[in-house]
Amino acid sequence: MREVEASRFLRATIPGVERVLDPERIVTHEDTFSVLEAATVDGGTRVIAGAKGLEMSLFFEELDDGYRYYQEGETGPFEAMETTIRYAAENEGVRVSMRSAVSLGLFPRPLTDRIAAWKREAELERCLDGLEGDLTGQ
């Protein structure tokens, strides 16, 4: 598995970030899959996401300062994918950080996992862009 990170300082408050941060928006802001269904289940939220005939199930666990989510089961684009999004007060705003570990499980594994990580990093950046837009009203 390869790990990638993205982080952004936002001129916002913790309550402001908490108002706009939820599993459906996270998936939407990553801008690769569309939310097909979302449901609250024991211990979290399950989001079914899809694009171009491909579906995957993501399970979100709410943390005190963000979310942890991962691809469930064996259907989906990854062999494994897990992401943590956290936020904390910083100066006169909030730092939002995302860290993701991903593996495609294809050979040659070093190359395919590197490509998956590169794509995943772009998704994290788009998610932060979307979150920033939500907070600034754009």
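**View 1. The buried face of helix H3 in this predicted model.** Twelve names are worth finding here: Thr112, Asp113, Ala116, Ala117, Arg120, Glu123, Leu124, Cys127, Leu128, Gly130, Leu131 and Gly133 are the buried residues of H3. Look at how they are spaced along the helix. An α-helix has 3.6 residues a turn, so residues three or four places apart point the same way. The partners of this buried set are strands E1 (2-10), E5 (66-72), E6 (80-90) and E7 (93-103), together with helices H1 (14-20) and H2 (23-30).

**View 2. Helix H3 from end to end.** H3 runs through residues 109-136, 28 residues in total. Its first and last C-alpha atoms are 40 Å apart, close to the 40 Å expected at 1.5 Å a residue. Just after the helix comes Gly137, with a positive phi of about 80°. While you are at residue 109, turn to the side chain: the charged end of Arg109 sits over the ring of Phe107, 5.7 Å from the ring centre.

**View 3. The open sheet and the helix packed on it.** Seven strands make up this sheet, in the order E1-E7-E6-E5-E4-E3-E2 and with antiparallel pairing. Strands E1 and E2 (34-41) stand at the edges with a single partner strand each, so one side of each has no neighbour in the sheet. From one strand to the next, the twist averages 20°. H3 packs on the sheet and touches E1, E5, E6 and E7; the direction of H3 makes about 15° with that of E1.

**View 4. Strands E6 and E7 side by side.** Here you can follow an antiparallel pairing over 11 bridges. For a handy landmark, find Thr84, whose bridge partner in E7 is Arg99.

**View 5. Aromatic pairs.** The whole structure contains three aromatic pairs. Phe59 and Tyr70 form one that is tilted, with 5.8 Å centre to centre and 50° between the planes. Phe59 belongs to strand E4 (residues 54-63) and Tyr70 to strand E5, so this pair ties together parts 11 residues apart in sequence. Is each of these two rings buried or partly exposed? Phe59 is buried, with a relative accessible area of 7%, whereas Tyr70 counts as partly exposed at 24%. Phe60 and Tyr69 form a stacked pair, 4.4 Å centre to centre and with 15° between the planes. Both Phe60 and Tyr69 are buried. Ring pairs also bring in Tyr67, linking Phe60, Tyr67 and Tyr69 into a cluster.

Methods: Residues numbered from 1 in each chain as written. Predicted model: local features only at pLDDT ≥ 70, side-chain atom pairs only at ≥ 80, totals over all residues. Heavy atoms only, no water. Helix = DSSP H or I, 4+ residues; strand = E, 2+ residues; numbered from the N terminus. Expected span 1.5 Å × (residues − 1). Buried < 20%, exposed > 50% of the residue type's maximum accessible area, 1.4 Å probe, protein only. Contact = heavy atoms within 4.5 Å. Phe/Tyr/Trp six-rings, centres within 6.5 Å; stacked < 30°, edge-to-face > 60°. Lys NZ or Arg CZ within 6 Å of the ring centre and 35° of its normal. Pairing = 2+ DSSP bridges. Axes fitted to C-alpha atoms, helices over the stretch in contact; angles between N-to-C directions.
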